[in-house]
Amino acid sequence: LATYLHTTWTAQRVGDGARSTGNAARAGYQSSPGVSPTNLHLVPGGRSAGEVIAMVDDGVYVQDVMGLHSGANPISGEFSVSFTGLAIRDGQLAEPIREAAVSSTIVDILRGVRAVATDLRFYPFAGSLGGTTTLVAEMSVSGE
């Protein structure tokens, strides 16, 4: 983490020499500008998605999250969201996972990143946010 995102207003409010990073956007023409990321993604690493998955003995491959709008605390960074995906067993994708939840904090996820794959993709529904296959050391998982 190099810096926090700021608009002119949030930088002035925080003080301590914070400067605007030019990250303001509106949800619509009637809304006020707020802090919003653009072109946000992890820098792709040097391994393929398959090589990153092969590094995992026992884990989960999260493919879709639900409830992010209601399961995340923007102040503390804590979140708990439902997900669907696949189990990972001995470095191989295994059975589907449905009706499960994952929880952690954004800071713990960033500290726990062990590998980032080369498969950077930007999704039309996510605006200018991109994603890669990313191995995180530890998160709480509950459900089936």
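# Strands, salt bridges and cores

Colleague: Which residue in β4 is the bridge partner of aspartate 64?
Modeller: Please keep in mind that this is a predicted model. Strands β3 and β4 pair in the antiparallel sense, and eight bridges join them. Within β4, the residue that serves as the bridge partner of aspartate 64 is threonine 84.

Colleague: How many bridges pair β4 with β5?
Modeller: One place to look is glutamate 78, which stands opposite threonine 105 in β5. The two strands also form a hairpin with two residues between them, and aspartate 90 in the turn has a positive phi of about 50°. Along β4 and β5 the pairing is antiparallel, and the number of bridges is 10.

Colleague: Which residue in β10 does serine 103 stand opposite?
Modeller: Strand β5, which covers residues 92-105, pairs with β10 in the antiparallel sense. That pairing runs over four bridges. Opposite serine 103, in β10, stands serine 140.

Colleague: Which strands stand at the edges of the sheet, and why is one side of each left without a neighbour?
Modeller: The sheet is an open one of four strands with antiparallel pairing, and its order is β3-β4-β5-β10. Each edge strand has a single partner strand, so one side of it has no neighbour in the sheet. The strands in question are β3 (58-66) and β10 (140-143).

Colleague: By what angle are neighbouring strands of this sheet turned against each other on average?
Modeller: The strands concerned are those that follow one another in the order β3-β4-β5-β10. If direction is ignored, the average turn between neighbouring strands of this sheet is 45°.

Colleague: How far apart in sequence are the parts that the pair of aspartate 58 and arginine 89 ties together?
Modeller: Side chains of opposite charge can pair when their charged atoms come close. Aspartate 58 and arginine 89 form a salt bridge, with their closest N and O atoms 3.1 Å apart. Since aspartate 58 lies in strand β3 and arginine 89 in strand β4 (residues 78-89), the pair ties together parts whose distance in sequence is 31 residues.

Colleague: Is aspartate 58 buried or exposed?
Modeller: For a residue to count as exposed, its relative accessible area has to be over 50%. Aspartate 58 has a relative accessible area of 60%, so the word for this residue is exposed.

Colleague: Which residues are linked with Arg89 in a network of salt bridges?
Modeller: Arginine 89 is partly exposed, with a relative accessible area of 40%, and its side chain meets that of glutamate 95 in a salt bridge at 2.5 Å, N to O. Arginine 89 also forms a salt bridge with aspartate 58. In this network, Arg89 is therefore linked with Asp58 and Glu95.

Colleague: Which residues is glutamate 95 in contact with, leaving aside its neighbours within four places in sequence?
Modeller: Glutamate 95 lies in strand β5, and at 37% relative accessibility this residue counts as partly exposed. Its C-alpha atom is 33 Å from that of serine 76, although the two residues are 19 places apart in sequence. With the neighbours within four places left aside, the residues that glutamate 95 contacts are Gly85, Leu86, Ala87 and Arg89.

Colleague: Is aspartate 119 buried or exposed?
Modeller: A search of the whole structure finds three salt bridges, and in one of them the side chains of aspartate 119 and arginine 121 meet at 3.4 Å, N to O. Arginine 121 counts as partly exposed at 38% relative accessibility. For a residue to count as buried, the value has to be under 20%. Aspartate 119 has a relative accessible area of 17%, so this residue is buried.

Colleague: Which strand gives the most to the largest nonpolar core?
Modeller: This core has eight residues, namely Phe79, Val81, Phe83, Ala87, Ile97, Ala100, Val102 and Ile109. Strands β4 and β5 each supply at least two residues of it. With four residues, the strand that gives the most is β4.

Colleague: Which residues does threonine 10 touch, not counting residues up to four places away in sequence?
Modeller: Threonine 10 is found in helix α1, which covers residues 8-14, and at 17% relative accessibility this threonine counts as buried. Apart from residues up to four places away in sequence, threonine 10 touches Leu5 and Val35.

Colleague: In which helix is confidence lowest?
Modeller: The protein chain averages a pLDDT of 89, and 97% of its residues score at least 70. Confidence is highest in helix α2 (residues 49-54), at 97. It is lowest, at a mean of 71 over residues 68-71, in helix α3.

How values were computed. Residues are numbered from 1 along each chain as its sequence is written. This is a predicted model: local features need pLDDT of at least 70, side-chain atom pairs count only at pLDDT 80 or more; totals for chains, interfaces and linings use all residues. Side-chain values use heavy atoms; hydrogens and water are left out. Two strands pair if DSSP finds at least two bridges between them. Axes are lines fitted to C-alpha atoms, for helices over the stretch in contact, and angles run from 0 to 180 degrees between N-to-C directions. A salt bridge is a side-chain nitrogen of Lys or Arg within 4 Å of a carboxyl oxygen of Asp or Glu. Buried means under 20% relative accessible area, exposed over 50%, partly exposed in between (1.4 Å probe, protein chains only). Contact means heavy atoms within 4.5 Å. A nonpolar core is a set of buried Ala, Val, Leu, Ile, Met, Phe, Trp, Tyr and Cys residues joined through side-chain atoms within 4.5 Å. pLDDT is the predictor's confidence in each residue, from 0 to 100.
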